[in-house]
Amino acid sequence: MRRLPLLVDPHGREHRDLRISLTDHCNLRCTYCMPEQGVPWLPKATLLALPELLAIAEVAVGAGISEIRLTGGEPLLRRDIVEIVAGLAALSGPAGRPEVSMTTNGIGLAKLAGALAEAGLARINVSLDTLRPDRFVQLARRDRLADTLAGIEASLAAGLGPLKLNTVLMRGINTDEAVDLLRHALGIGAELRFIEQMPLDAGHTWTREGMVTADETQSLLASAFDLRALPGRGAAPAERFEVRPVGSPDAEPLGTVGIIASVTRPFCGNCDRLRLTADGQLRNCLFATGETDLRTPLRSGASAEELTALIHENLAAKLPGHGINDPDFLQPRRPMSAIGG
Ligand code: SAM
């Protein structure tokens with residue numbers, strides 16, 4: 001049997017997951033992600049149009065990618081989002097059709113969830129840092145909590161499950177909601193994932209002391225819940241735990257919670273992710289300082305073989321770890337909103 005071409009990096013990690021940022025624009029301005037004003041937007045002419053995006057994704061799927069996650073910026077701001085999902089879900093490679101999922105702030109899902117599910121979207125992650133409208137305004141600099149909650153409801157109704165919610169805890173800002181957020185997620189049958197804040201904000205204001213660590217998150221949750229680690233993490237960023245009411249070790253689990261400890265418990269050894277920015281640059285890590293330009297060769301008529309070779313070239317330069325904890329760590333030039341979270 002012919003050996004399938006695999007996306008393996010020099011450290012033996014096989015890559016199956018491609019995160020595609022669809023735009024660097026967003027309808028929120030979360031303090032840990034984007035500045036309130038003065039965002040240096042990507043020039044419009046550099047953004048990949050639908051056929052370009054599909055052409056690169058087709059090559060990636062042909063090379064072994066089996067999971068595609070759409071992100072941004074805010075992916076739902078793309079007017080052609082339903083066509084993008086349909087086009088990606090119809091691709092086929094050595095591993096069959098890719099699973100297409102999305103990370104979104106949920107605004108817009110009330111209108112789009114049904115059409116996205118029909119187009120082939122398999123799963124969705126919605127970011128939710130607070131359940132309090134006034135705090136949402138403070139954190140996201142926009143009064144849109146009701147729209148996010150309506151989007152969550154719509155995606156559940158559309159069967160876009162299992163639904164995941166993403167929360168970044170910030171000391172003194174929303175740590176007092178850790179238990180309420182988890183209770184809310186369990187109540188709607190969603191898995192909440194607490195993400196350690198990473199040095200990727202546009203304002204370069206991240207500090208190690210300011211970050212709420214995974215250990216702290218677990219302590220906060222311990223006031224109300226018993227967490228029992230689940231095995232079988234594989235390449236997933238989240239450590240997952242079964243959740244039971246505190247002091248009831250024999251009770252049925254209420255659900256699960258995930259903790260993504262990118263900074264204090266890095267999981268680079270199992271990383272299987274590549275990232276494509278909205279302007280067609282391939283990155284082998286959130287924190288990579290180099291990128292491989294796929295847009296220019298594509299626009300100059302590069303063949304699928306030539307683009308595949310560029311993907312392998314990018315992968316060959318992947319470092320063993322993100323290096324956040326190294327003394328000479330440099331925050332990437334692009335903020336999270338222009339890389340794709
Ligand atoms: N707009 C979409 C959303 O809100 O989910 C997708 C893009 S957003 C950049 C993707 C995820 O990255 C969100 O869950 C957000 O909370 C997270 N994020 C953004 N900046 C972060 C940072 N500095 N550290 C950790 N997570 C961050």
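The legends below accompany close-up views of a predicted model.

**Figure 1. Packing of helix H3 against helix H5 in the predicted model.** Helix H3 spans residues 109–119 and helix H5 spans residues 145–157. Two packed helices are described by the angle between their axes and the distance between the axes. For H3 and H5, the angle is about 20 degrees and the axes lie 8 Å apart. Angles under 35 degrees count as roughly parallel, and H3 is therefore roughly parallel to H5. The crossing of the two helices, H3 and H5, is right-handed. On the H3 side, the contact is formed by Leu109, Ala110 and Ala113, which meet Ala150, Gly151, Ala154 and Ser155 of H5. Of these contact residues, five are nonpolar, two are polar and none is charged.

**Figure 2. Ile20 in the largest nonpolar core.** In soluble globular proteins, nonpolar side chains tend to be buried together. The largest nonpolar core of this model has 94 residues, and the members that touch the most others are Ile20, Leu70, Met102 and Leu165. When residues up to four places away in sequence are not counted, Ile20 touches Leu53, Ala57, Ile68, Arg69, Leu70, Thr71 and Leu276. Leu70 thus appears both among the contacts of Ile20 and among the core members with the most contacts to other members.

**Figure 3. The buried face of helix H2.** Helix H2 comprises residues 81–89, and its buried residues are Ile81, Ile84, Val85, Gly87, Leu88 and Ala89. An α-helix has 3.6 residues a turn, so residues three or four places apart point the same way. The elements covering the buried residues of H2 include the helices H1 and H3, together with strand S2 (67–71) and strand S3 (99–104).

**Figure 4. Surroundings of Glu52 in helix H1.** Glu52 belongs to helix H1, which covers residues 50–62. Its relative accessibility is 18%, and Glu52 therefore counts as buried, the cut-off being under 20%. Apart from neighbours within four places in sequence, Glu52 contacts Leu47, Leu298 and Arg299. Although Glu52 and Arg299 are 247 residues apart along the chain, their C-alpha atoms are separated by 8.2 Å.

**Figure 5. Surroundings of Glu191 in strand S6.** Glu191 is located in strand S6. Because its relative accessibility is 7%, Glu191 counts as buried. Beyond its neighbours within four places in sequence, Glu191 is in contact with Leu163, Lys164 and Leu165, with Arg240, and with Thr256, Val257 and Gly258. One of these contacts, Leu165, is also listed among the core residues that touch the most other members.

**Figure 6. The cis peptide bond at Pro162.** The peptide bond leading from Gly161 to Pro162 is cis, with omega near 0 degrees. Pro162 occupies the loop that connects H5 with strand S5 (164–168).

**Figure 7. Positive phi angles at Arg141 and His204.** Arg141 has a phi near 55 degrees, a positive value in a residue other than glycine. Arg141 is placed in the loop between helix H4 (133–140) and H5. With a relative accessibility of 24%, Arg141 counts as partly exposed. His204, likewise not a glycine, has a positive phi of about 50 degrees. The loop holding His204 runs between strand S6 (191–195) and helix H7 (214–222). At 48% relative accessibility, His204 also counts as partly exposed.

Conventions
Residues numbered from 1 in each chain as written. Predicted model: local features only at pLDDT ≥ 70, side-chain atom pairs only at ≥ 80, totals over all residues. Heavy atoms only, no water. Axes fitted to C-alpha atoms, helices over the stretch in contact; angles between N-to-C directions. Helix = DSSP H or I, 4+ residues; strand = E, 2+ residues; numbered from the N terminus. Parallel < 35°, antiparallel > 145°, perpendicular 65-115°, else oblique. Left-handed = near helix turned anticlockwise from the far one by under 90°. Contact = heavy atoms within 4.5 Å. Nonpolar A, V, L, I, M, F, W, Y, C, P; charged D, E, K, R; others polar. Core = buried A, V, L, I, M, F, W, Y, C linked by side-chain atoms within 4.5 Å. Buried < 20%, exposed > 50% of the residue type's maximum accessible area, 1.4 Å probe, protein only.
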